Amino acid sequence: MPPPAFDTPLIFDTGQDGRANCYLPHGPQLQELLPVDLLRVDLPLPDNSELDVVRHFTRLSHKTYGIDTVFYPLGSCTMKYNPRINDAMANLPALRDLHPFAPDHAAQGALAIMWELERALASLFGMAAFSLNPAAGAHAELTALLIAKAYFAKRGESQRNVVIVPDTAHGTNPASAAMVGFRVVSLKSDGRGRVDPVALAAAAGPDTAVCMMTNPNTLGLFEDRIAEVSDVIHRAGALMYYDGANANALMGNTRPGDMGFDLMHLNLHKTFSIPHGGGGAGAGPVGVAAALVPFLPAPVVRAYEVDGSAAAADGWRDSAGLHFSLDFTAPDAIGTMRSFWSNFAHMVRALAYIYANGAEGLTVTSQLAVLNANYVRVGISDVVDIPYPEINRHEFVASAQGLKRDTGVRALDLGKALLDRGYHAPTVYFPLIVPECLMIEPTETESKETLDGFIAAFREIVAAARTDPESALGTPRTTPVGRIDETRAARQPDLRWKPAPPAGE
Amino acid sequence: MLQAVGVGSLEDLMRVPEGLALRSPVAVTPQLSESEIADRFAGFAARTTAGGYISFLGAGAYRHYIPPVVGALAMRGEFLTAYTPYQAEVSQGYLQATYEWQSYITLLTGLDVANASVYDGATALAEAVIMAVNASGRKAVLVSRAVHPNYRAVLRTYAEGLELAIDELPYRADGRTETISLDAALADQRYAAVIVQTPNIFGVIDPLTAAESGRAAANGTVVIGVVAEALSLAALATPASWGARICVGEAQSFGNAVAYGGPHVGFIAAGSEHLRRMPGRLVGKSVDTEGRPAYVLTLQAREQHIRREKATSNICTNQAHCALCATIYLAAMGKTGLRDCAALNIARTRELRDAVTAVEGFSARFAAPVFNEVAIRVPGRASDLLRALEERAILGGLDLGRFYPELDDTLLMTATELTTGADIARLAGALAEVETRAAARI
C-alpha cells in the first residue's frame, strides 16, 4: 500500500505564538539573569502544540520505509529485524540515566555489560580483545589504522605508510586511510572476483602498513585464498585488517582471527541487530590480536576477581562475581576517539541480542542468512546476469547490463520499480567493478514467503520491462514523490528553512 | 530451500577451505528466552545506581527533562528501522525531518548551513579542524585550554593521523580564555583555526569578541566555536554574532539520554564559504518529476562513497536517529519552552552556587558569568570530598583536578531544570557535615 501522499508543511510553517506546551515551570526572564550583551537578540523558532507535533512526525513516518514496513534487501547493510527487547533493555532507567562521569563503583552493571560484550565478540571473531569506543564502522576503521600507525612507530617502522585496498572495498576504507596520512594502493580483483595472492605479493613491500579486506567480499564471495593472502601480508611485515561489514555471513562459522586478520571492526548496527535509525547512531567495536592490545583506545574496561587480581580474559565468561573499572592510563593507547566511552545504549542492545541467540543461535543466524541470499540468487538468475554464478555468502550481486543493452532499463530503474511494489531497492552501482550492479542481501530474518514474493515481483518487473521498457523507466509512481531532480538539489542548494524577511523589506 | 540452491545441508553451504574451519568452538552465553533476558538486565541495572543518587554531574553530558512525546514518535518503526535515505522517494519523511534538524541548527547557531549530524561533540570538533586545515592548507591550530578536555584529547588523537600541531591558549583567573596574546599568535599566519568553547568547561560564558574574530579572519584563521551544552544556544548570543564561522558541538541535551556516554549527537554548522568542505550527509530541497517539493541527499561528491580517499571525511553512518530525537524535542519545546528551560538552568545553577558558597570553606573559583555549571573551590582535595559525598548517595560533580592538576581543589557542579531545591539543600547540608567532621578530626 502506498503511503498517503498528503503534503506535510515544514514544522517552521505551522507554529503560532501562544501554542507553547507546558513541560516545565515558567522560569525567570533571561534578562533578569544575565547581562543583555551575553544574550541572543531573538530565537526565531516556532511554538507548536503537542498535537501538531505528533501529527507532523507521524505523517513524516508514513512517508518513510523501514524494515518494520517492508522487505529491505539492501546489500552490505544487513537490514535484519531489530528485536524490541533490545530497546527495552537499553531504556532501563538505571542504564539510560547513568552519567559517563559516574564513579566506577556506581557503574558496575554498565561496565559488566561492556565487558561481557567484549568477551563474546572476542570469542566469536577470534580476537584477543575488543574496544567498544568507536562510534561507527568508518570511525572504527580510523581507530584501527591509528593503532597500526602507533604499532609501527613503536617498532621503528614509521616508513610503513601504504594501505592496500581491493577494488571491491567499501568507500570508507580508502577515505579512512587518507585520514591517517596513509597512501592508498588499490588492488584489482582477479577473474573470480577475489584477491589474487600473487598480484598482492607484487604490491606488498617494506612500505606496506595494512591490507584492508572484507570476507566475504562485497561481491558476496568468500575469499577462499585468504590464508595465502594473510601469509603474503605477514611476510611483508604488514597487518591484515578485517572490515566487519559482512560479518553476518560467517559469525559462529569461521573466524577472522583464524584467517590471519590482526585487526577488525564490527558494525553492531548490522550483524548485531541494532536499529539503523535512518543512518545512525551505529557502533563499531575494534578487535585486535594480542600484539596490538596495548594500543587500543582509552578507556579500557578492566575486570578483577573478588581478591583484586586481574580476571582472566580468554573467551567469554559470565560477569557475576567480578568487579570492573575504566582504565584511562594505558601508556601505549592511541588516545581516545570520542567524547565518552562508547555508544553504550547500543552495547546493551547487542548484548541482549547475543543472549537471545547464544552460540548456537548466532551460528545458525549466519547459515540462514547465506541460505536466503542463495535462494534469491537462484530465483532471479535466469532473468538478470549473475556475474559470479557460484554459491555466494550472505549477499550476491546481479547485473542489469544485458537488460540495459536490450531495453534501456538500468539497475536504477529496477530498484525504483521495486519501490512501487512495496519493497525497498537493493544497493545499486556498488561494488564499482560490476556494471549496472544490484547488490542483494535478504538477511536471515525473512521468511520463505517474503523471499518468494520478492522473487516474483522482481521477475514480473523484468518481464514487463522487456516488453514495455516504459513500465520501469518512469517508476516509482505510487510513492509520495516521484524521481527527484538531484542536479537542481546540488546546483541550487536549499539546505534549510529561512524565516521570511520582516514586512516592508 | 536447500534443494533450490543445490546443496545438501547448511554445512555444505557454509563449507570453507581446509584450515579455515573454527579452531575452537564459539563460547558465548547460553541462549536465553526474552523473559530471562529481562531478568538478566534487571540484574545489570541493579548493579548501577543512576537513580539512587542525586547528581551534580554535567561536563558535556546533561540530564534534562525529555517530554514523553519524543520517545513515542522517534521509536516509530518507520524511523527506527530505516536505513540512510538513499532511496529518496520512500524516505521523504526522514529526509524532511533531517532538513528540519539542519534548519534548527542554523537558526540556533546563526550560521548558514548545517550537516545531518556527526558522532558527538568531540568528533565534530575534529572534523571542523579538518575543514579549517583544508581551507587554509595550514597544519597547526590554536585551542583554548578551557575547551572540554575530552574534546581536546580526541583532537590530539586525530592530529596524530593528520600530523597537525596543537597549541593552547591559557585561561584567566576569571575562568575565561586569555586572549591577550591572541593577535600576536595569529599574526604569523600559521594557524588554520582558533578554537574556543562557550560555555567553556568551567561553565563560563566564553566567546571571542567580534573584533577578535575579525582579526583572526583577517589573518586567514577560521574561528571555531564549540558548544558542549546545546541548550545554551537558546539563551546566549549566537556563535555567528561573535564571529565564529564554524560552530560545532553536542546536542545530547535536546531529547537524548546521557546513557553512560552514548549515543549522543554532534552537529556542525558553518558559514556558506565552508559548504563544500563540510563532512557527512546533507539534505537538500528540490522538486520531483511532477514539480512537487521533494527532499534528497545532496552534494554527495564530498563523500566517501563517491570520492573515496579524496573525500572530505570518512564518515558514513552518523547519528540520524539521535538528531531526529533532537528535532522532535525542539519542535515540542518550541522557543517558549527552550527559553524557559535555559532560564531555569541558569537560575538553578545560581541557587546551587549560592547555597554551596554559603558553606564555610567553599567559594566560586571563577568570577565570570556561567550558564548551568559552576566551578567551586573546596577545602582540601576535590577527589576526597567526592568520595565522602558518594557515601551520602550524592554525586557531587566532576573533580577538575582529573584534567587540570592546578585545579585539584575544584569541583565542577551542574544544575539543570531537573535539579530541585531539595537536592541543593541536601548537597549543602552534606558539604557542611563533611567539613565539620573534617575540622573535628583536626
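**Exercise 1. The sheet of chain A**

In what order do the seven strands of the open sheet in chain A stand?

*Solution.* Before starting, keep in mind that this is a predicted model.

Step 1: Walk across the sheet from one side to the other. The order is S1-S7-S6-S5-S4-S2-S3, and the pairing is mixed.

Step 2: Look at the two ends of that walk. Strand S1 (129-131) and strand S3 (183-187) of chain A each have a single partner strand, so one side of each is left without a neighbour in the sheet.

Step 3: Check how the strands are turned. Ignoring direction, neighbouring strands of this sheet make an average angle of 25 degrees with each other.

Step 4: Add the helix that crosses the sheet. Helix H4 (residues 108-125) of chain A lies across S1, strand S6 (263-266) and strand S7 (286-288) of chain A. The angle between H4(A) and S1(A) is about 125 degrees.

**Exercise 2. Strand S4 and its neighbours**

Find the partners of strand S4 (residues 208-213) of chain A, and work out why S4(A) counts as largely enclosed.

*Solution.* Step 1: Start with strand S2 (residues 162-166) of chain A. S2(A) and S4(A) run parallel and are joined by three bridges.

Step 2: Pick out individual bridge partners. A:Val162 is matched with A:Thr208 of S4(A), and A:Ile164 is matched with A:Cys211 of S4(A).

Step 3: Turn to strand S5 (residues 239-244) of chain A. S5(A) pairs with S4(A) in the parallel sense, over four bridges. Here A:Cys211 stands opposite A:Met240.

Step 4: Count the burial. Six of the six residues of S4(A) are buried, so the strand is largely enclosed by the rest of the structure.

**Exercise 3. A helix and its span**

Describe helix H5 (residues 137-154) of chain A: how far does it reach, and why is it called largely enclosed?

*Solution.* Step 1: Compare the span with the expected one. H5(A) has 18 residues and reaches 26 Å from its first C-alpha to its last. This is close to the 26 Å expected at 1.5 Å a residue.

Step 2: Use the burial count. Because 14 of the 18 residues of H5(A) are buried, the helix is largely enclosed by the rest of the structure.

Step 3: See what comes after it. A:Gly156 follows H5(A), and its phi is positive, near 70 degrees.

**Exercise 4. One residue up close**

Is A:Leu60 buried or exposed, and what does it touch?

*Solution.* Step 1: Place A:Leu60 in the fold. This residue is found in helix H1 (residues 50-62) of chain A.

Step 2: Apply the cut-off. A residue is buried if 20 or more other C-beta atoms lie within 10 Å of its own. A:Leu60 has 25 other C-beta atoms within 10 Å, so it is buried.

Step 3: List the contacts, leaving out residues up to four places away in sequence. A:Leu60 touches A:Thr8, B:Gly93, B:Gln96 and B:Ala97.

Step 4: Relate sequence to space. A:Asp7 is 53 residues from A:Leu60 along the chain, and the C-alpha atoms of the two are separated by 9.6 Å.

**Exercise 5. Chain B and its contact with chain A**

Work out how the four-stranded open sheet of chain B is arranged, and what helix H12 (residues 320-357) of chain B does.

*Solution.* Step 1: Give the order. The strands stand as S11-S12-S15-S14 in chain B, with antiparallel pairing. The edge strands are S11 (363-364) and S14 (398-399), each pairing on one side only.

Step 2: Zoom in on one pair. S11(B) and strand S12 (residues 373-377) of chain B are antiparallel, with two bridges. B:Ala364 stands opposite B:Ile376 in S12(B).

Step 3: Add the helix. H12(B) lies across S11, S12 and strand S15 (410-414) of chain B, at about 10 degrees to S12(B).

Step 4: Move on to the contact between the chains. It takes 155 residues from chain B and 162 residues from chain A. On the side of chain B that touches chain A, H12(B) gives the largest share, 22 residues. By class, that side has 87 nonpolar, 42 polar and 26 charged residues.

**Exercise 6. The chains as wholes**

What radius of gyration does each chain have, and what would a compact globule have?

*Solution.* Step 1: Take chain A. With 505 residues, a compact globule would have a radius near 23 Å; chain A has 26 Å, which agrees.

Step 2: Take chain B. With 442 residues, the globule value is near 22 Å, and the 25 Å of chain B agrees.

Step 3: Add the burial. Buried residues make up 58% of chain A and 62% of chain B.

Conventions: Residues numbered from 1 in each chain as written. Chains lettered and ligands numbered in written order. Predicted model: local features only at pLDDT ≥ 70, side-chain atom pairs only at ≥ 80, totals over all residues. Pairing = 2+ DSSP bridges. Contact = placed C-beta atoms within 7 Å. Axes fitted to C-alpha atoms, helices over the stretch in contact; angles between N-to-C directions. Rg over C-alpha atoms; globule rule 2.2 N^0.38 Å. Buried ≥ 20, exposed ≤ 12 C-beta atoms within 10 Å, placed from the backbone. Nonpolar A, V, L, I, M, F, W, Y, C, P; charged D, E, K, R; others polar. Expected span 1.5 Å × (residues − 1).
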